[in-house]
Amino acid sequence: MDWTHEDALRRQGYRRIAGIDEVGRGSLAGPVVAAAVILGRSRRLEGVRDSKLLSERGRRREFAEVALGAVAYGFGVVDAATVDRINVLEATRSAMRSAVEALSEPPDALLIDALELPEIPLPQRALVHGDRRSLSIAAASILAKVFRDEMMKEFDSFYPAYRFARNKGYGTADHCRALRASGPSPLHRLTFRRVLLTPHAREGF
């Protein structure tokens, strides 16, 4: 994990380079969350890597490091009902755009995990597996993951049957058993196959 892609943009004259990533795209319940972050080039962030490669404790530690060392960071959240209405890919793009708009310092270039944001008129690079190739995107993945995990822990207190604090809305065995027993909650994505095939509808919640 290094500054290769950021430095390539800096050589072209860009200085405020935002890394962008999302989490929750494959979840059965809960929002899609994106984060955008502009890092200071001089900041040492040796523990930052793709959030999926870190333990929960490690992610929380690096969240603090990134937040303290960032020039700016912001989040975008798109709820399950909107995911159902516009589809998960467009929801992801929407969350990413909102995260960029939430930055307190406007970026002049973007590094994005896998996607492009054509509505944002800035130079941008879509990097496949960007969270393992760009320090800025990896930092964004940590911010987004911790932010969303905390949301799902809060939701768990309202809908304890689904164990959102444990599974974060993903399709684990215990989550799917709860879906079959109780049907979907208002946080579930009704257009997702494993939710759509449950024997209950959303009515009554």
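**Group meeting: a loop, a long helix and two positive phi values**

Let me start with Gly30, which sits in the loop that joins strand 1 to strand 2. A word of caution before going on: this is a predicted model. Gly30 has a relative accessible area of 2%, so it falls in the buried class. What does Gly30 touch, once residues up to four places away in sequence are set aside? The list is Ala80, Arg148, Met152, Leu187 and Arg189. For a sense of the distance along the chain, take Asp149: 119 residues separate it from Gly30, yet the two C-alpha atoms are 9.9 Å apart.

The loop between strand 1, residues 17–23, and strand 2, residues 32–39, also holds Ser27. Is Ser27 buried or exposed? Its relative accessibility is 0%, and therefore it counts as buried. Beyond its neighbours within four places in sequence, Ser27 is in contact with Arg148, Lys168, Gly169, Tyr170, Arg189 and Phe192. Arg148 and Arg189 appear among the contacts of Ser27 and also among those of Gly30.

The side chain of Ser27 has two backbone oxygens to mention. One belongs to Ala29, reached at 2.5 Å. The other is that of Gly169, which lies 2.8 Å from a polar atom of the Ser27 side chain. Ala80, which Gly30 touches, is 53 residues from Ser27 in sequence, with 9.7 Å between the C-alpha atoms.

Lys168, one of the contacts of Ser27, leads to the next topic. Lys168 is placed in the loop between helix 6 and helix 7. Its phi is near 60°, a positive value in a residue that is not glycine. As background, most residues other than glycine have a negative phi. Lys168 has a relative accessible area of 8%, and since the cut-off for buried is under 20%, this lysine counts as buried.

A second case is Ala114, again not a glycine, with a positive phi of about 75°. Where does Ala114 lie? It is in the loop between strand 4, residues 109–113, and strand 5, residues 124–127. Ala114 has a relative accessible area of 43%, so it is classed as partly exposed. That leaves the two residues in separate classes: Lys168 is buried, whereas Ala114 is partly exposed.

Gly183 also has a positive phi, of about 80°, and it comes just after helix 7. In helix 7 itself, residues 173–182, the buried residues are Asp174, His175, Cys176, Ala178 and Leu179. They pack against helix 6, at 164–167, and helix 8, at 193–196.

Now to helix 5. It runs from residue 135 to residue 158, which gives 24 residues. From first C-alpha to last it reaches 36 Å, close to the 34 Å expected at 1.5 Å a residue. What caps its N-terminal end? Ser134 does, with a side-chain oxygen 3.3 Å from the backbone nitrogen of Ser136.

Two residues of this helix deserve a slide each. Ala140 is in helix 5, and because its relative accessible area is 0%, it is buried. Neighbours within four places aside, Ala140 is in contact with Gly19, Ile20, Asp21, Ala35 and Val37. Thr92 is 48 residues from Ala140 in sequence and 14 Å from it in space, C-alpha to C-alpha.

Ser141 is also in helix 5, and at 1% relative accessibility it counts as buried too. With neighbours within four places left aside, its contacts are Asp21, Val23, Arg49, Asp50, Ser51 and Asp131. Asp21 is therefore listed for both Ser141 and Ala140, each of which is buried.

The last slide is the packing of helix 5 with helix 2, residues 56–69. How do the two axes cross? They come within 9 Å, at roughly 120°, and the crossing is left-handed. On the helix 2 side, the contact is made by Glu56, Arg59, Arg60, Glu62, Phe63 and Val66. Helix 5 contributes Ala139, Ile142, Leu143, Lys145, Val146, Phe147, Asp149, Glu150 and Lys153. By class, the contact has 7 nonpolar and 8 charged residues, with no polar ones. Asp149 in that list is the residue whose C-alpha lies 9.9 Å from that of Gly30, which brings us back to the loop.

Note on methods
Residues numbered from 1 in each chain as written. Predicted model: local features only at pLDDT ≥ 70, side-chain atom pairs only at ≥ 80, totals over all residues. Heavy atoms only, no water. Helix = DSSP H or I, 4+ residues; strand = E, 2+ residues; numbered from the N terminus. Expected span 1.5 Å × (residues − 1). Polar contact = N/O pair within 3.5 Å; in protein donor to acceptor, adjacent residues only side chain to side chain. Buried < 20%, exposed > 50% of the residue type's maximum accessible area, 1.4 Å probe, protein only. Contact = heavy atoms within 4.5 Å. Axes fitted to C-alpha atoms, helices over the stretch in contact; angles between N-to-C directions. Left-handed = near helix turned anticlockwise from the far one by under 90°. Nonpolar A, V, L, I, M, F, W, Y, C, P; charged D, E, K, R; others polar.
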